[in-house]
Amino acid sequence: MTDWRARRGPIGVLTGAGISTDSGIPDFRGPRGVWTENPIAELLSTYQNYVADPALRVRAWQARRDNPAWQATPNPAHLALVRLAESGRQVGIITQNIDRLHQRAGSGTVVEIHGNMFEVVCIDCEFTTSMATTLGRVAAGEPDPACPDCGGILKAATVMFGQQLDSDAIREAVHIAETAEVFLAVGSSLQVEPAASMCAVAVDAGADLVIVNAEQTPYDDYAAEIIREPIGDALPRLVSEILGDS
Ligand code: APR
Ligand code: ZN
């Protein structure tokens, strides 16, 4: 058994879409990912295109309405991370996911490095509201609802391609990565920066990197161990091994 399991210090976790596929939310780049199956869908997530093209915004609001995350519930992988934290271990989660399943599972420290899909912001003023409220306006006949305060464009509180990440989120993510003794990268192709580079921050600070992912990633060479089995099985097993009750 690899000795990283015996390390007793803080555990950092970077999660990606692959931890939520068992909850019915497709990932992006996996064999049946959203971008894999429909490359132009990625255009919906590009900030410049979104701001410039009203027709694309109408499709984005429909995609938000139809997002399977609305019906999703946390799965055994999310719950395994809660069990790890409840055992008394210091666990910090950096998630690239916008589905809030970690929070719904009961995880406390969750840094949403790519934002979340349940809040709406105006790109021109400080107005914010809930996605549910705004989707109510879409259902009532506004295909591309404008900001009620300034008439500006509204968008989900997610980080789109071409947007800056929130500096506080990055700072919190770096703190988790540089203080971790073990850094688990779970369900991410580790192709999007700066999120993926948290793996390098952790390893540079002396952590053992453990990658739990069905497919290869650019960080595989840095890993103390790579686990290819399905995350829904792998993560509960790893937590049992870490807690010594497997
Ligand atoms: N078990 C193991 N691996 C899985 C499972 C599973 N059940 N389901 C999916 N995977 C793996 C896929 O093989 C893939 O390598 O999870 C990985 C998910 O990678 P991506 O789809 O690229 O998702 P992610 O890394 O989170 O994407 C990062 O890109 O599109 C943007 O902002 C979006 O946050 C997202 C970011
Ligand atoms: Zn506004």
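Helix α4 and the surroundings of ligand 1

A backbone N or O atom of Phe28 lies 2.7 Å from an oxygen atom of ligand 1. The model is predicted, with local features requiring pLDDT of at least 70 and side-chain atom pairs pLDDT 80 or more, while totals for chains, interfaces and linings use all residues. Residues are numbered from 1 along each chain as written, and side-chain values use heavy atoms, without hydrogens and water.

Q: What makes the approach of Trp35 to ligand 1 a polar contact?
A: A polar contact is a pair of N or O atoms within 3.5 Å. An N or O atom in the Trp35 side chain is 3.0 Å from an oxygen atom of ligand 1, so the pair satisfies that definition.

Q: How much of ligand 1 does the protein cover?
A: Of the 730 Å² of accessible area (Shrake-Rupley method, 1.4 Å probe) that ligand 1 has on its own, 92% is covered by the protein.

Q: How do you know that the span of α4 agrees with its number of residues?
A: The expected span is 1.5 Å times one less than the number of residues. For the 12 residues of α4 (54–65) this gives 16 Å, and the end C-alpha atoms are 17 Å apart, which agrees.

Q: Which residues of α4 are called buried, and why are they said to line one face?
A: Buried means under 20% relative accessible area (1.4 Å probe, protein chains only); Leu56, Arg57, Ala60, Trp61 and Arg64 are buried. Viewed down the axis of α4, the buried residues fall within an arc of 145 degrees (taken from the directions from the helix axis to the C-beta atoms), so they line one face of the helix.

Methods: Chains are lettered from A and ligands numbered from 1 in the order in which they are written. Helices (H or I, at least four residues) and strands (E, at least two) are DSSP runs, numbered from the N terminus. Buried means under 20% relative accessible area, exposed over 50%, partly exposed in between (1.4 Å probe, protein chains only). A polar contact is a pair of N or O atoms within 3.5 Å; within protein, one must be able to donate a hydrogen and the other to accept it, and residues adjacent in sequence count only if both atoms are side-chain atoms.
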